[in-house]
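Hi everyone, thanks for making room for me today. I'd like to walk you through one structure, piece by piece, so let's put it up on the screen.

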Amino acid sequence: MSLYQRIREEAARRADALWAVASALHAEPETAFAEHRAAALLSGELEGAGFEVRREVAGLPTAFTARSGRGRPAVAFPLEYDALPGLGHACGHNLIAAAGLGAALVVDAVRDGAPGTVLAVGTPAEEGGGGKALEVEAGVFDEVDAALMFHPGVYDWVRAPLTAQEQYRVAFRGRAAHPTGNPTEGVDALAALIELFNVLSALGRRLPEGSHVQGIVSHGGTATNIVPEYAEGRFGLRALTTAALDELAAQLRTAAEGVALATGTSVTVERASVRYEHFRDSTVLSERFAGHLDRAGITLTPPVPGVYLGSSDIGNVSGRVPAIHPFVAIMGADGSDHTPEFAEAAASERARGVLLAVVEALACTAADVLRDAELRGRAWEDLRRAPA
């Protein structure tokens, strides 16, 4: 019996148990850094299968690693399991977690003690907290040859067009005054912040494809009869590449400092979030995954040019380790994630079928990585050629 056939049978044998895990996560959604039940369920499944589990990795209470084997080659499965406030698993992370869990269990069961490492990584807080980014900095993905995951979506796309993003807090300080009693004594911090919005609006008209700035006023004063001495805005920045994001952040800082100089205020510009790097796709591994998934009747295509699907901390992993993040549809292209309808789809019969197909394809891809040195070399070469 071929290795792929053994993987297929092992995945089918575990299908009901994996769907039970996905359903349990869906029924009890937990938000960023509070995924205690999810982390306990997933790490417990892996520990029960003989994996060596470490909890609270990278100083994160709901992060963990589960390892089987030692040394290189090594393949990692990132498991996302945080939900969205008020929407539950409207991004389908219950399926991501169950798929990574299943693939780790399946590939480990069929490799018959072959050298290398199978690593499942519990990665909390993808929806804004940046668990993977923090784990990368802590070295969790060091000595790994491939990071393999998928994301449920509304498209069947072989790779993920995910941009780089971060948020900044910009605070202007002026001088309070009564707007009629002593108006000339006031230095209006809110007026400075509003002027920054105007400058950024003009800047936005000449930004390159994939770059944009979106801001809100987070503090605009305390009373209408006081010239605001303090005003604060929060700005979300996105760009096609991490290098382009750095350039955009520098433009934000230059604009804020110019406005402060013109208005007589002072300004501070501080990063207010973990930076998500852009996703660098490992073409050779994504194509290998797509080939395995095609056997289940799901054909992946390249993404539509000019369409970008947000950002994710898998980008930070992909800058250090060959990585894949294909999208596999669980509802029609007229839908969208981060909606109640998508949350419902993440517990549907279609999602159940996708889960089984993806577990098999992820496990087959992982087996290829573990036993094929030439494939690993090509994957690392992909990464070396990726844009910064």
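Let's start with helix 10, which covers residues 349-371. It has 23 residues and reaches 34 Å from its first C-alpha to its last, close to the 33 Å expected at 1.5 Å a residue. That expected span is 1.5 Å times one less than the number of residues. When I say helix or strand, I mean a DSSP run, numbered from the N terminus: H or I with at least four residues for a helix, E with at least two for a strand.

Before going on, a word about what we're looking at: this is a predicted model, where local features need pLDDT of at least 70 and side-chain atom pairs count only at pLDDT 80 or more, while totals for chains, interfaces and linings use all residues. Residues are numbered from 1 along each chain as its sequence is written, and side-chain values use heavy atoms, with hydrogens and water left out.

Back to helix 10. Is it largely enclosed or not? Well, 17 of its 23 residues are buried, so helix 10 is largely enclosed by the rest of the structure. Buried here means under 20% relative accessible area, exposed means over 50%, and partly exposed is in between, with a 1.4 Å probe and protein chains only.

Now pick one residue in helix 10: alanine 363. It counts as buried because its relative accessible area is 0%. Which residues does alanine 363 touch, leaving aside its neighbours within four places in sequence? The contacts are Ile7, Ala103, Val106 and Val107, where contact means heavy atoms within 4.5 Å. There's also a pair to look at here: alanine 363 and valine 110 are 253 residues apart along the chain, yet their C-alpha atoms are separated by 9.6 Å.

What about the cysteines? Cysteine 364 is buried, at a relative accessible area of 0%, and cysteine 91 counts as buried too, at 6%. How many disulfides does the structure hold? Zero, with a disulfide being a pair of cysteine sulfur atoms within 2.5 Å.

On to the strands. In general, strands of a sheet pair through backbone hydrogen bonds, either parallel or antiparallel. For us, two strands pair if DSSP finds at least two bridges between them. Here we have an open sheet of six strands in the order 1-2-4-3-5-11, with mixed pairing. Its edge strands are strand 1 (52-55) and strand 11 (323-324), and each of those pairs on one side only. Strand 11 runs parallel to strand 5 (residues 146-148), and two bridges join them. One bridge partner pair there is alanine 147 with alanine 323 in strand 11.

Helix 3 (residues 93-110) packs on that sheet, touching strand 2 (64-70), strand 3 (74-80) and strand 4 (116-123). The direction of helix 3 makes about 155° with that of strand 3. Axes are lines fitted to C-alpha atoms, for helices over the stretch in contact, and angles run from 0 to 180 degrees between N-to-C directions.

Helix 3 also packs with helix 2 (residues 36-48), at an angle of about 10° and with the axes 11 Å apart. The two helices are therefore roughly parallel to each other; the cut-offs are under 35 degrees for roughly parallel, over 145 for roughly antiparallel, 65 to 115 for roughly perpendicular, and oblique for the rest. Helix 2 brings Leu42, Glu45 and Leu46 to the contact, and helix 3 brings Ala97, Leu101, Ala104 and Leu105.

Next, strand 7 (residues 164-173). Seven of its ten residues are buried, so strand 7 is largely enclosed by the rest of the structure. It pairs in the antiparallel sense with strand 9 (residues 230-239) over ten bridges, and alanine 164 has alanine 239 as its bridge partner in strand 9. Strand 7 also pairs in the antiparallel sense with strand 10 (residues 266-271), over six bridges. There, alanine 171 is partnered with threonine 268.

Last stop, some backbone details in the loops. The peptide bond from arginine 72 to proline 73 is cis, with omega near -5°, and proline 73 sits in the loop between strand 2 and strand 3. Alanine 58, in the loop between strand 1 and strand 2, has phi near 55°, a positive value in a residue other than glycine. Alanine 58 is partly exposed, at 32% relative accessible area.
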